[in-house]
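Subject: Structure for your review

Dear colleague,

Please find below the structure that I am handing over to you. My findings follow directly after it.

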Amino acid sequence: MNNRFKIILLRLLSPIFAIFLAALISSLVIVFIHQNPLKVFVTMFSFSFRRIDSIAIILYNATPLIFSGLAVSVGFRMNLFNIGVEGQYLMGAFLAALVGFSIKGLPAFIHLPLTILSAIVAGALWSFLPIYLKVKKGVHEVISTIMLNYISFSVIHYFIADLLMDKSQKMLNGLGSPLVRMPKLMPTALMPRMREFLNMFGFNIPKHVYLNWFFPLGILLAIGIYYMLMRTPFGFELRAVGHNPDAARTSGIKPEKVYFMGFILSGAIAGLVGLSDLLGYFGYMDLDFPRNYGFNGIAVALMGQNSPIGIILSAILFGFLNRGAEGVQTFLNVPMDTVIILQALMIISIVIITKVMNDYIKRMEKREVSKNASGRTAGVQL
Amino acid sequence: MINAVEVKNITKRFPGVTANDRINLEIKRGEIHAIVGENGAGKSTLMKILSGLYQPDEGEIYIFGKKAVISSPVKAIEMKIGMVHQHFMLIPRFTVLENIILGSEIRAGISIDNKKAKKIVEDLCSMYNFSINLDSRVENISIGQAQRVEILKVLFRGADILVLDEPTAVLAPQEVKELFLNLRRLKQEGKTIVFISHKLDEVLDIADRITVLRRGRVVGSAVPGEITKEQLARMMVGKPVLIDLKKRETDPGEVLLSVKNLRVKDPGGKSVLNGISFEVKGGEIFGIAGIEGNGQKELAEAIIGLVNIDSGSIKIRNIDIKGLSVNQIRKMKVAYIPEDRHKNGLVLPMKVWENEIMGFQRDDKFYKKPLLKLKSAQDFTRSKIREYSISVSSINQAVEDLSGGNQQKVILARELSENPDVIIASQPTRGLDIGATEFVHEQLLKKRDEGKAILLISADLEEVLALSDRVGVMYNGSIIAEFKPGEITLEDVGIYMLGGPEKKVSGE
Ligand SMILES: Nc1ncnc2c1ncn2[C@@H]1O[C@H](COP(=O)(O)OP(=O)(O)OP(=O)(O)O)[C@@H](O)[C@H]1O
Ligand SMILES: [Mg+2]
């Protein structure tokens, strides 16, 4: 087989191969819990892809991960590790919920952007302290962001369960207890779903699908980040600082300034992570608001190798794993904990295998290009 | 006699370039073999193949007569080939001894037998006349000594063939002499030495045989004594080379750079510049001679704004630069060629064109809100590549894939492009071949004739004396002598470089 063809094929097959191997590894666990691996995977796939609404749900699942993967990757590009996306998005969602329920009487085209903006601001503010400490005092960002994650959990708990709890919930005949949640957001602050839009094109998306406009927004943002990194002076400086802060400084760039702005940007993007859930699904913030998007974003960024396209694709893969897991849980009666272990296992193996495969492909490519360059000798060739 | 190394038809290709093109080479046991050639000729690539860092695409290697596949540096050392890296790979906080034995410790049960190791290293030192204190920390030793540590490292691992890539580029003349003494001694003891250098005088001095590479091919070999420097240069370049600088008389203009009583401390609070004063006028090259590590780096970095001034002042065109940022100082038309190109000069994983505009990415020339002007930047890079004959296969290549000399040219082209008034040039020709060195010297003299002020810091004494209008000798954070080239002898300069009697022979 022609080598160049082989490389292209490997490129395309690499993620599939990675998933396959990961499946193989998880099979061991599945066998261990006395299930038939084949049946589990068939269920995952058939459940996920049989119907259009299921695909829409996968994309809905992917939406927060696109944002968090992007947020983490902006940090990685500067050689900073923003573990704080978790806390930043919770604070973002919280402030958005606050703005969403407390301001009344605004038209949607003002209220919704304002709500989104407040999430961005909250995420940015929550990333301010760690980067300030890093730049001014040399505190490692991993330490400070982990601490701030804990603080954000507590702050939100306090506000939701105490200060801002919705006391107006009506109990039926005094039965049951009220939900620990904040008041519901105004309808003007909510993000419309994509259902009606998609139905115009003949897709038949049922009501229970919450895919909303944050998904295309995430993709636009990914494209925007790509342009920012590769085409603007700021992105240029960000990459230079990430690779070699000494050389950047010598050329007149201020690494501290770049770290500062880049990290705040990362936090601002992180602020958006929870909005698809908040403004497109729940409509209120409670103590059970989805967690872990920030941490999963690290895996997404690693797997997507910090490239915006890669991040979108790996977010969708994660969305699929979630969806498939639901199927396995429902139809095969596998306990939730096992499904979570399975998921984590697949994620880890996929991340590792893609890394190994990509290194291999890169080496092969180098060899290949050099073979085709035979005959030419050193010298200027533009 | 059996050959230590025999290379047959070795070919190594990189994207867009054949770095080694059917190379044939024989290196006899116990000889000092020099490899010379222009920047990008493929010297380092060949050495990396010998030391297992690269695999050849074609061809065969025989080590001591046996066919060898050198698949990794570990394999290379098993075959008794040791590479002395140009960028030292030493751990500053460890002692000399610890650095030497690191990774191949002698074990006594589960612990490390330091006594035995020390004995072995001491024996090596006395056998080859290496003078070095095994207990001093590497952070406190000079560059020449660090290099000795690197050589001891490979000797400790049992190397019989030593590969040295441009070992003299970082050394002061005195240190070169010492290195050569060591190398001759190693040769006497039967070691084989392969080394690369751009300094032809050195090559003619120490080598037993010389192989010349040009554009990836062996174009000839020579024996010193049967060939002159000019002939050798001609072989390398393929046409006659004029090694002759024309320095015109100029009238220095107004003072563009003035340093007064400058004191700088290192982060640990130790004083590294102890009250330095000098002035450089437009149309003048002020040279700083001295062994590296005597404050030259800090002086350059203080002027460009990278380190804080403790006391004293630096003025550019009579404006005090205290508190200004690197960017602000650069915008005052100050250019800086840093001595360490990998640490300060380049962002290695980024592309050639990106490195070529580094620092100018927000200038109107390359930036139209909100985007970089890709086309301008790339056209600019192409024109610089032509002007400086930088050998690249594409402007989108990562700059780390360029040969050492070509990396240096990328920096020079960038720093001299914006028509600076003040040029701080630290080791500007380090690693450049004779042609390129000549070109840079011409450029610097041209800038001088145009009325620019140039501070030339170089470990290469000949370079300093040839280019400068005035020379200061730095020792231990002070300028201990100042003179005009020709006023005092080379020997006297050497004495000052080693800290000789403080005396001011001002030419004014
Ligand atoms: N890793 C690499 N990837 C791509 N090209 C490379 C790589 N290493 C070297 N080259 C190319 O191979 C050619 C030879 O490079 P090499 O480093 O061997 O030159 P050299 O003779 O050591 O030059 P110099 O005197 O400048 O150090 C150059 O054109 C260089 O750009
Ligand atoms: Mg080289």
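**Surroundings of ligand 1**

In this predicted model, 21 residues surround ligand 1, and those that come nearest are B:G40, B:S44, B:T45, B:S403 and B:G405.

Three polar contacts deserve your attention. An oxygen atom of ligand 1 lies 2.5 Å from an N or O atom in the side chain of B:T45. An oxygen atom of the ligand is also found 3.2 Å from a polar backbone atom of B:A41. In addition, a nitrogen atom of ligand 1 is 3.2 Å from an N or O atom in the B:Y54 side chain. On its own, ligand 1 has 630 Å² of accessible area, of which the protein covers 94%.

As to the make-up of the shell, eleven of its residues are polar, six are nonpolar and four are charged. At least two residues each are supplied by β2 (17-28), α1 (43-50) and α14 (404-417) of chain B; the largest share, three residues, is that of α1(B). Ligand 1 lies between domain 1 (3-237) and domain 3 (344-418) of chain B, because both give residues to its shell.

**Chain A**

Chain A has 15 helices and zero strands. Its radius of gyration is 23 Å, close to the 21 Å that the globule rule gives for 382 residues, and chain A is therefore as compact as a globular protein of that length. Along the principal axes, its C-alpha atoms fill a box of roughly 85 × 60 × 45 Å. Of the 382 residues in chain A, 51% count as buried.

Yours sincerely

Key:
Residues numbered from 1 in each chain as written. Chains lettered and ligands numbered in written order. Predicted model: local features only at pLDDT ≥ 70, side-chain atom pairs only at ≥ 80, totals over all residues. Heavy atoms only, no water. Near = heavy atom within 4 Å. Polar contact = N/O pair within 3.5 Å; in protein donor to acceptor, adjacent residues only side chain to side chain. Areas by Shrake-Rupley, 256 points an atom, 1.4 Å probe, with all protein chains shown as cover. Helix = DSSP H or I, 4+ residues; strand = E, 2+ residues; numbered from the N terminus. Nonpolar A, V, L, I, M, F, W, Y, C, P; charged D, E, K, R; others polar. Domains from an automatic or database assignment. Rg over C-alpha atoms; globule rule 2.2 N^0.38 Å. Buried < 20%, exposed > 50% of the residue type's maximum accessible area, 1.4 Å probe, protein only.
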